[in-house]
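Biologist: I'm meeting this structure for the first time. Could you take one part, the interior, and walk me slowly through how its pieces fit together?

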Amino acid sequence: MRLLWLLLPLLPVAHSLPGNTTDDDLLWGVYRPGLYFGLRPQLPQSLMTGLMWFGTQNYQSLTKTRHACDQGDGLDSYTWTTYDPRQGGVQVIKDSANNVEITTELLKVPGGSHGGSWAVRVKGKPINLAYPSRISAMFYLGIEGLGGLDMITDEDENGIDGPIEFTGNTPDLDEFALRIVDGPDNKAITKGPHAEEFVDRLGKTHFVGLRIGANELWTAKERILQSILGRASPLAEKYRQTDLAPDPSFILQLPDESVTGSNLYAVQKLFDGEFQFDVIFQSGSATQIPDSVVLDRGVAALTASFTDRFRTVFPIREAGLALDLERLESFSKAITSNLFGGIGYFYGTSIVDKGFAYEWDQEDDYRYDEDDGQRNFQQGPRLTEPKALLTATPSRSFFPRGFYWDEGFHLLHIGEWDNDLSLQILKSWIDLIDENGWVAREQILGEEARSRVPPEFQTQVPNVANPPTLTMAVAAFIERLKATHSAPSYAELGMDYPGNEGQEPLFGSPTTPQQAGTQHLAFDKGISFLRSIYQPLRRHYDWFRRTQRGQIKQYGRKARSRTEAYRWRGRTETHVLPSGMDDYPRPTAHSGEVHLDLISWMGFFTRTMRGIAEFIGETEDAASFAEIEKAIIDNIDDLHWNDEHQMYCDVGVNQDDESEHVCHKGYISLFPFMLSLLPQDSPHLGHILDLLRDPDHLWSPYGIRSLSASHPVFGTGENYWRGPIWIQMNYLVLRALHNTYATVDGPFQEHAKAIYTELRKNIVENVFKEYERTGYVWEQYDATTGEGQRSHPFTGWTSLVTLSKSPR
């Protein structure tokens, strides 16, 4: 199936694709997604930059300093309205608490042999003209690891007039320069109590140069604010006895000093009303020198070309949507851009506990290979060696790190716009698969990432899995490769694969081939890539089959296969976090339970491995995978179908130590259908479609609920997966309906078509309505009102809604 979307840039140095040299022109494309604005190259230790600001209307505004994306900041909104993978983008940040709307306009300038150059324009204007908008804006740059950084503008203890310039070097970036230049119409704060005593410092750019330790650059905000307070404290004491304190903008300034060997510099500008300044990074090896004129012309051209391309790739067709199409297009462009603005590069250690297991997991015969020497490991959490990851993040404010089961959905978007970038991200994850075949479900790399995660969730355990959604990205790449070269489809190979090329694309596809990021759509390079990931992915697959195996014969369960049953390890009594569906009701924790969603994922994983093996000529492996796939599909019916309830269910063990179905109508019940494992003529399909469309259970005007509205625990407790509507699960439903059940002849085809049309309308209209009401897309949506809730902006898999806007 061809799933479409837009993306960010670059190919990281750390993970070169087979047969491909590093694209240095894209080195600087990675955004620091956890910040409102910041850039870094895809290098483990190098130059990092960031933007900070606070209001100076009063002294308390210092506590409202903005830097890292945080829901607690209470911003009205922050959104990339445009983000092109290889050119840059425009972001609008609305901060009513500081009465400022800030726009960042990023332009990437390719050239040279060290990643190219870039420039960003930072603009601000009051949100409410009836109130003052007095802003302290700060931009910092710092180097971790080897290299040097110098301010070549002459220092002055009272600040600097005019542009300020830095030079630096690192082993990978080589020589570079960075200039900060004021716009033409900025107004400085020159009036206020005691202004005459600070006249020498008014209207100046202020700075500080600091020396910070290794791996501490992520604490830049705290160190910079300490510098401001260090200068402000004695001045505040001086004026303590006066009736009127000086204007905060006169006191809350950087100290205009630097220490020898500074590796962190911050520059501060203080504005009254509208403002603008440019930050220009120039690689020493680049021939094209960016400047303010280039920004003027380049941003306008970028915005126009982005819109033109967007309309070509994702044409919006009304198709029953009762929405203003111009506003819908703006919404679609924004959430598209935000998905790619959330791509980031992370590097650092993680915490792993190789000895931990809950009591219901301690009976496992296998946790590590007998010959890998790890059965004698030390107990307790330990830091790993540093690792790198390029990943799209689910939410810049709440989940600014890599999540395994989110990533597969992200890559469905990314791959169709820039095939090579999607493979780079995929390869980055596959490189994390260890010698046993395990990869942590949550990638918390380095102290900065850990600072955003509660301690109880920081440790990863090597018997814990996550839904293997990376396989969706692999399958999508194979489909792109086949489409490019008119290779045989899965159907022609005798395979029933969801979304095969003979079917109509789900939500529309590009009308012309995209040139950017298509090197690995060359057949030889595509095959080379698949071969490069086949063995580690096979190792990962084998790890799943070893470590997540469920029991069949121990409880007298009847099934055609005596091996294909699966159980999530690492669950607690109340949560099955490894499944991704944390508090969804499940059987009582027991070593004998088996899980419907996991066996379904394993069916999809097996089908994907079969597809890779067929494609690269591993015929014996393909035959083996075909046998396993059939056994899994047989056992889904044999173990999990319940005739009384006419639904698929988990299987548990009761107090009499007997096997029993544990049936909770909701997303779990739908998995064999959502992953297109059921044939179109399955006698169970009609019951599943009826369950989907029943308003007493899963159907709502806003999307499919996660749990039946008639269930006793609907909407109770944490209410995370006990009713709320999740867009990625609704996307799986839409995909299965459109690609497998509504467009292929079968006894339930017309019913599937009707559900698809109505469900698509409900999802798109509700997410759009909530975006316009709140300024955000959300992690989930209320099951009874449709209102967005929990973390925001959540432009990871919630952005899948945009794929629903333009069916062909």
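Modeller: Gladly; here is a walk through the interior, from its core to the helices around it.

First, some ground rules. This is a predicted model, in which local features need pLDDT of at least 70 and side-chain atom pairs count only at pLDDT 80 or more, while totals for chains, interfaces and linings use all residues. Residues are numbered from 1 along each chain as its sequence is written, and side-chain values use heavy atoms, leaving out hydrogens and water.

In soluble globular proteins, nonpolar side chains tend to be buried together. Here the largest nonpolar core has 170 residues, and Leu670, Phe673 and Met729 touch the most other members. Helix H10 (residues 596–616) supplies the largest share of this core, with 12 residues. A nonpolar core is a set of buried Ala, Val, Leu, Ile, Met, Phe, Trp, Tyr and Cys residues joined through side-chain atoms within 4.5 Å. Buried means under 20% relative accessible area, exposed over 50%, and partly exposed in between, using a 1.4 Å probe and protein chains only. Helices (H or I, at least four residues) and strands (E, at least two) are DSSP runs numbered from the N terminus.

Now zoom in on Leu670. Setting aside neighbours within four places in sequence, Leu670 is in contact (heavy atoms within 4.5 Å) with Ile688, Leu691, Leu692, Leu698, Ile704 and Val733. Another core, of 28 residues, lies apart from the largest one, and its members include Leu202, Ile212, Leu217 and Ile228.

Some of those partners of Leu670 lead us to helix H13 (residues 685–693), where Leu685, Gly686, Ile688, Leu689, Leu691 and Leu692 are buried. What do the buried residues of H13 pack against? They meet strand E22 (647–648) and three helices: H12 (667–674), H14 (727–741) and H15 (749–774).

Let's follow H14 and H15. Two packed helices are described by the angle between their axes and the distance between the axes. For H14 and H15 the angle is about 150°, and the axes are 9 Å apart. That makes H14 roughly antiparallel to H15. Axes here are lines fitted to C-alpha atoms, for helices over the stretch in contact, with angles running from 0 to 180 degrees between N-to-C directions. Angles under 35 degrees count as roughly parallel, over 145 as roughly antiparallel, 65 to 115 as roughly perpendicular, and the rest as oblique.

The crossing of H14 and H15 is left-handed, a label given when the near helix is turned anticlockwise from the far one by less than a right angle, with right-handed for clockwise. On the H14 side, the contact is made by Ile727, Asn730, Val733, Leu734, Leu737, His738 and Tyr741. H15 contributes Gln749, Ala752, Ile755, Tyr756, Leu759, Arg760, Ile763 and Val767. Val733 is thus a familiar name, listed above as a contact of Leu670. An α-helix has 3.6 residues a turn, so residues three or four places apart point the same way.

Finally, back to H10, which holds Ala613. Is Ala613 buried or exposed? Because its relative accessibility is 0%, Ala613 counts as buried. Leaving out neighbours within four places in sequence, Ala613 is in contact with Tyr534, Glu618, Asp621, Ala622 and Phe625. Ala613 and Phe625 are 12 residues apart along the chain, and their C-alpha atoms are separated by 8.6 Å.
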